[in-house]
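Grab a pencil and open the viewer. Below are a few exercises, each with a solution worked out step by step.

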Amino acid sequence: MKLAHIGIAVRSLNDSAPVFEKIFNTNAGEKEFVEEQKVNVRKIHLENCDIELLEGTDPESPISKYIEKKGEGIHHISFEVEGIQNKLDEVSKGGIKLINDTPRTGADNMLVAFLHPKSTNSVLIEFTEEKNRNI
Ligand code: ZN
């Protein structure tokens, strides 16, 4: 399992993307809207992982709710797995609560699923896998 990306909740991509572009001296990718989560996403590709900047587009978006409660900052850590459904079943059998029993479609057309932070010391962990890996 390797680190895929770190998700950061921001109020405004327009304000925050230039900050992270400056820090990492590279351009953020194009903005992508993820309907499922009601978020706009821009990714910054680094050598060994990405930074995923997340902006809620609706008060009901999990990102908007997160910022409302906790403010901006690190929202989740994403790990790339092989066989995401098996991995979810495996950790679930081990007693870890899941937010998503089955994977959803996230940014970049990747499959994603979240573990429940109540089971993970309040660290929101996401599993991710390329969608068509096994087809
Ligand atoms: Zn993510």
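**Exercise 1. Place Phe-24 and say how open to the surface it is.**

Step 1: Phe-24 lies in helix H1, residues 13–24. Helices (H or I, at least four residues) and strands (E, at least two) are DSSP runs, numbered from the N terminus.

Step 2: Phe-24 has a relative accessible area of 32%, so call it partly exposed. The cut-offs are: buried under 20% relative accessible area, exposed over 50%, partly exposed in between (1.4 Å probe, protein chains only).

Before you go on: this is a predicted model, where local features need pLDDT of at least 70, side-chain atom pairs count only at pLDDT 80 or more, and totals for chains, interfaces and linings use all residues. Residues are numbered from 1 along each chain as its sequence is written, and side-chain values use heavy atoms, with hydrogens and water left out.

**Exercise 2. Work out the strand order of the open sheet and find its edges.**

Step 1: The 8 strands run in the order E2-E3-E4-E1-E5-E8-E7-E6, and the pairing is mixed. Two strands count as paired if DSSP finds at least two bridges between them.

Step 2: At the edges sit E2 (32–34) and E6, each pairing on one side only.

Step 3: Check the E2 end. E2 pairs with E3 (residues 39–45) through 3 bridges in the antiparallel sense, and Phe-33 has Asn-40 in E3 as its bridge partner.

**Exercise 3. Describe the surroundings of strand E7.**

Step 1: Start with cover. E7 spans residues 110–114, and 5 of its 5 residues are buried.

Step 2: Look at the two faces. In a regular strand the side chains alternate between the two faces of the sheet. Here Met-110, Val-112 and Phe-114 are buried on one side, and Leu-111 and Ala-113 on the other.

Step 3: Look at the neighbours. E6 (residues 104–105) is joined to E7 by 2 bridges, while 5 bridges link E7 to E8 (residues 125–130); E6 and E7 run antiparallel, and so do E7 and E8.

Step 4: Follow Val-112. Its bridge partner in E8 is Thr-128, and Val-112 is also the partner of Arg-104.

Step 5: Check the turn. The hairpin of E6 and E7 has 4 residues between the strands, and Asp-108 there takes a positive phi near 60 degrees.

**Exercise 4. Is Asn-100 buried or exposed, and what does its side chain reach?**

Step 1: Find Asn-100 in the loop between helix H3 (84–93) and E6.

Step 2: Its relative accessible area is 7%, so Asn-100 is buried.

Step 3: The side chain of Asn-100 reaches the backbone nitrogen of Phe-114 at 2.9 Å.

**Exercise 5. Compare the salt bridges of Arg-104 and Lys-43.**

Step 1: Get the rule. A salt bridge is a side-chain nitrogen of Lys or Arg within 4 Å of a carboxyl oxygen of Asp or Glu. The structure holds 6 of them.

Step 2: Arg-104 meets Glu-36 at 3.3 Å, N to O. Arg-104 lies in E6 and Glu-36 in the loop between E2 and E3, so the pair ties together parts 68 residues apart in sequence.

Step 3: Lys-43 meets Glu-52 at 3.8 Å, N to O.

Step 4: Add accessibility. Arg-104 is partly exposed at 30% and Glu-36 is partly exposed at 43%, whereas Lys-43 is buried at 11% and Glu-52 is buried at 6%.

Terms used:
Polar contact = N/O pair within 3.5 Å; in protein donor to acceptor, adjacent residues only side chain to side chain.
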